[in-house]
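This report describes the fold, the strand pairing and the enclosed and open spaces of one protein. The sequence and the structure are shown first.

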Amino acid sequence: MQRLREAIVLVLLAIWSKAASARPYWWPSKTASAASGYCLSWRMAVEANNIRAWRTVPAQCSGHVEAYMVGGQYERDLSVIVDSICSYIDTITLSDDGLDAWILDVDDTCISNLFYYRTKRYGCEPFDPVGFKAWAVSGRCSAVPDVLRLFVKLIGTGFKVFLVTGRDEETLGQATLHNLEAQGFFGYERLILRTGVFKGQSAIAYKSAVRKQLAEEGYRIWGNVGDQWSDLQGEYVGNRTFKLPNPMYFIP
């Protein structure tokens, strides 16, 4: 019996030794760990606006961005941000003149183009204007659930909500209206698209001009939400700005 126990122990030790000497398939190599760490740092630097004017996601970060966007962390980040915005809204006392305003961006703020960017390896391939137009016209985009939740709260609270987008009015005006209505965005004050007057201008210049016009109409901009820093920079940005995450593309 003693010999049998010793034999069993030896077999178990041999199995353990063999398993310990082999790296499990899920254990990251030093190279993989370094790449993952770089991509996380790159994404954080992008969100902090420390890396600017980048054209595409680094090729080695395609998997990282994909995991972030579809693996649940993106939705968790949005939920935290929207919860914070809702808490801020609860501190505001609206006037009775109907001029308390809020601005929301459209693409990847109100409606998601995630499945379009999946065809671009989540931003590793350059933006294709023709392909994006076909995507927008197809109506296959979806609402960003947490932003729709925010939108409903804003409307219910009594804010005049302005949807301001860099989409071209002439070519995408009707498609954008359809996109928004199909995803439940009703009751906003105005959808503002880029007209020929602003052709060639940066997003910062264009959106600053739009906000200036609203201010001149007497509106008080309490909040401004967008996925690009260019949505939130320039003049008349509002009392508070809120940046939503988007590591897939950069708009100057």
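## Strand pairing around strand 6

Two strands are taken to pair if DSSP finds at least two bridges between them. On that basis, strand 1 and strand 6 pair in the parallel sense, with five bridges. Within this pairing, isoleucine 103 stands opposite asparagine 224 in strand 6. Strand 6 also pairs with strand 7, again in the parallel sense and over four bridges. Here valine 225 has phenylalanine 242 of strand 7 as its bridge partner.

Strand 6 is mostly covered, since five of its seven residues are buried. In a regular strand the side chains alternate between the two faces of the sheet.

## Overall composition

The model is predicted. Its secondary structure comes to nine helices and seven strands. The protein has 252 residues, of which 41% are buried. Among contacts between residues at least 6 apart in sequence, 72% join residues at least 24 apart.

## Strands 4 and 5

Strand 4 and strand 5 run parallel and are joined by four bridges. One position in this pairing places valine 164 opposite isoleucine 192 in strand 5. Together with helix 8, the two strands make a right-handed β-α-β unit.

Why is strand 5 described as largely enclosed by the rest of the structure? Strand 5 spans residues 190-194, and four of its five residues are buried, so the rest of the structure largely encloses it.

## Aspartate 227 and threonine 109

Aspartate 227 is found in the loop between strand 6 (220-226) and strand 7 (240-243). Its relative accessible area is 2%, and because buried means under 20%, aspartate 227 counts as buried. Leaving out residues up to four places away in sequence, aspartate 227 touches Asp105, Asp107, Asp108, Thr109, Lys243, Leu244, Asn246 and Tyr249. With one of these, lysine 243, the C-alpha to C-alpha distance is 5.5 Å at a separation of 16 residues in sequence.

Threonine 109 has its place in the loop between strand 1 and strand 2 (111-112). Threonine 109 is buried, with a relative accessible area of 0%. Neighbours within four places in sequence aside, threonine 109 is in contact with Val144, Val147, Val225, Gly226, Asp227 and Leu244. The contact with Asp227 links the two loop residues described here.

## Cavities

Rolling a probe the size of a water molecule over the atoms shows where empty space is left. The structure holds two cavities of 30 Å³ or more. The largest cavity contains about 70 Å³ of space. Its lining consists of Val46, Glu47, Asn49, Ile51, Trp54, Asp227, Gln228, Trp229, Lys243, Asn246, Tyr249 and Phe250. By class, this lining has six nonpolar, three polar and three charged residues. Aspartate 227 is thus among the lining residues, and Lys243, Asn246 and Tyr249, which aspartate 227 touches, also belong to this lining.

The second largest cavity has about 50 Å³ of space. Ile103, Leu104, Asp105, Val164, Lys207, Arg211, Asn224, Val225 and Asp231 line the second largest cavity. Strand 1 (100-104), helix 9 and strand 6 each supply at least two residues of this lining. The bridge-paired positions isoleucine 103 and asparagine 224 are both included in the lining of the second largest cavity. By class, the lining divides into four nonpolar, one polar and four charged residues.

## The largest pocket

What is the volume of the largest pocket? The largest pocket has a volume of about 690 Å³. It is lined by 30 residues, of which Phe127, Phe132, Gly166, Tyr249 and Ile251 are the closest to its centre. Tyr249 also appears in the lining of the largest cavity.

Several elements contribute to the pocket lining. Helix 6 (129-138), strand 4 (160-168), helix 8 (169-182) and helix 9 (203-216) each supply at least two residues. Strand 4 gives the most to this lining, with four residues. Strand 4 and helix 8 are also parts of the β-α-β unit described above. By class, the pocket lining has twelve nonpolar, seven polar and eleven charged residues.

Methods: Residues are numbered from 1 along each chain as its sequence is written. This is a predicted model: local features need pLDDT of at least 70, side-chain atom pairs count only at pLDDT 80 or more; totals for chains, interfaces and linings use all residues. Side-chain values use heavy atoms; hydrogens and water are left out. On a 1 Å grid over the protein atoms alone, a cavity is a set of points where a 1.4 Å probe fits but cannot get out, and a pocket is an open set with protein on both sides within 12 Å along at least five of seven lines; lining residues have an atom within 4 Å of a point. Grid points are joined across faces, edges and corners, and a volume is the space filled by probe spheres set on the points. Ala, Val, Leu, Ile, Met, Phe, Trp, Tyr, Cys and Pro count as nonpolar, Asp, Glu, Lys and Arg as charged, and the others, Gly among them, as polar. Buried means under 20% relative accessible area, exposed over 50%, partly exposed in between (1.4 Å probe, protein chains only). A crossover is right-handed if, with the strands pointing away from the viewer, the path from the first strand over the helix to the second runs clockwise. Contact means heavy atoms within 4.5 Å.
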